[in-house]
Amino acid sequence: MRGFRIELGEIEAVLANEPGVREAVALVREDAPGDKRLVAYVTGSPDLCEKKLREALSAHLPAHMVPGRIVRLGRLPLTPNRKIDRQQL
């Protein structure tokens, strides 16, 4: 993305290790053609704070791997096979 290598699994692993996070998914979204953005989705305790999660990511990852947006969800959408439905995120 923008000339940088992005490891989505690393982002997910750092988020999953944070207290209160149950599940984490990171993906690159392209809402407008050519405008790619890094977004993370997390589930867990209701008091999860985007600012604290962003600080934790910044402490462990390079700046280009910190998502521009971290969205807290009640639960992640699943496919009929019980896998995360990334298209619905």
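Is glutamate 12 buried or exposed? In this predicted model, glutamate 12 is buried, with a relative accessible area of 18%; the cut-off for that label is under 20%. The residue belongs to helix 1. Leaving aside neighbours within four places in sequence, the contacts of glutamate 12 are Ala24, Val25, Ala26 and Arg86.

Before going further, a word on confidence is helpful. The chain has a mean pLDDT of 90, and 97% of its residues reach 70 or more. Among the elements of the chain, helix 1 has the highest mean pLDDT, at 94, and strand 1 the lowest, at 90.

Helix 1 is a good place to begin the tour. Glu12 shares its buried state with Ile11, Val14 and Leu15 in this helix. These residues are on the same side of helix 1, because they cover an arc of only 165 degrees around the axis. A general rule helps in picturing such a pattern: an α-helix has 3.6 residues a turn, so residues three or four places apart point the same way. The cover over the buried residues of helix 1 includes strand 1, strand 2 and helix 2.

Helix 2 can be read in a similar way. Its residues Leu53, Ala56 and Leu57 are buried. Viewed down the axis of helix 2, the buried residues fall within an arc of 100 degrees, so they line one face of the helix. On the other side of helix 2, Lys51, Lys52 and Ala59 are exposed. Helix 1, strand 1, strand 2 and strand 3 are among the parts that cover the buried residues of helix 2.

The strands come next. Strand 1 and strand 2 run antiparallel and are joined by 10 bridges. Together they form a hairpin with two residues between them, and glycine 34 in the turn has a positive phi of about 85 degrees. Two pairs of residues help in tracing this pairing on the structure: arginine 29 stands opposite arginine 37 in strand 2, while valine 25 has tyrosine 41 of strand 2 as its bridge partner. Valine 25 is also one of the residues in contact with glutamate 12.

Tyrosine 41 leads on to the next strand, since it also stands opposite valine 71 in strand 3. Here strand 2 and strand 3 pair in the parallel sense, over four bridges. With helix 2, these two strands make a right-handed β-α-β unit. Strand 2 is mostly covered, as seven of its 10 residues are buried.

What do the buried residues build together? In soluble globular proteins, nonpolar side chains tend to be buried together. In this model, the largest nonpolar core has 17 residues, and those with the most contacts inside it are Ile11, Leu15, Val42 and Leu57. Helix 1 (8–16), strand 1 (21–32), strand 2 (35–44) and helix 2 (50–60) each supply at least two residues of this core. A second, separate core has six residues, including Leu27, Val39, Leu76 and Leu89.

Leucine 57 of helix 2, one of the buried residues of that helix, gives a closer look at the packing. Not counting residues up to four places away in sequence, leucine 57 touches Ile11, Val14 and Leu15, as well as Val66, Pro67 and Ile70. Ile11, Val14 and Leu15 are among the buried residues of helix 1.

The tour ends in the segment after strand 3 (69–72), where lysine 83 lies. Arginine 82 lies in that segment too. Arginine 82 counts as exposed because its relative accessibility is 63%, and lysine 83 counts as exposed at 58%; the label requires a value over 50%. Arginine 82 also has a phi near 70 degrees, a positive value in a residue other than glycine. Although exposed, lysine 83 touches Pro77 and Leu78, not counting residues up to four places away in sequence.

Notes:
Residues numbered from 1 in each chain as written. Predicted model: local features only at pLDDT ≥ 70, side-chain atom pairs only at ≥ 80, totals over all residues. Heavy atoms only, no water. Core = buried A, V, L, I, M, F, W, Y, C linked by side-chain atoms within 4.5 Å. Buried < 20%, exposed > 50% of the residue type's maximum accessible area, 1.4 Å probe, protein only. Contact = heavy atoms within 4.5 Å. Pairing = 2+ DSSP bridges. Right-handed = clockwise from strand over helix to strand, strands pointing away. Arc of directions from axis to C-beta. pLDDT = per-residue confidence, 0-100.
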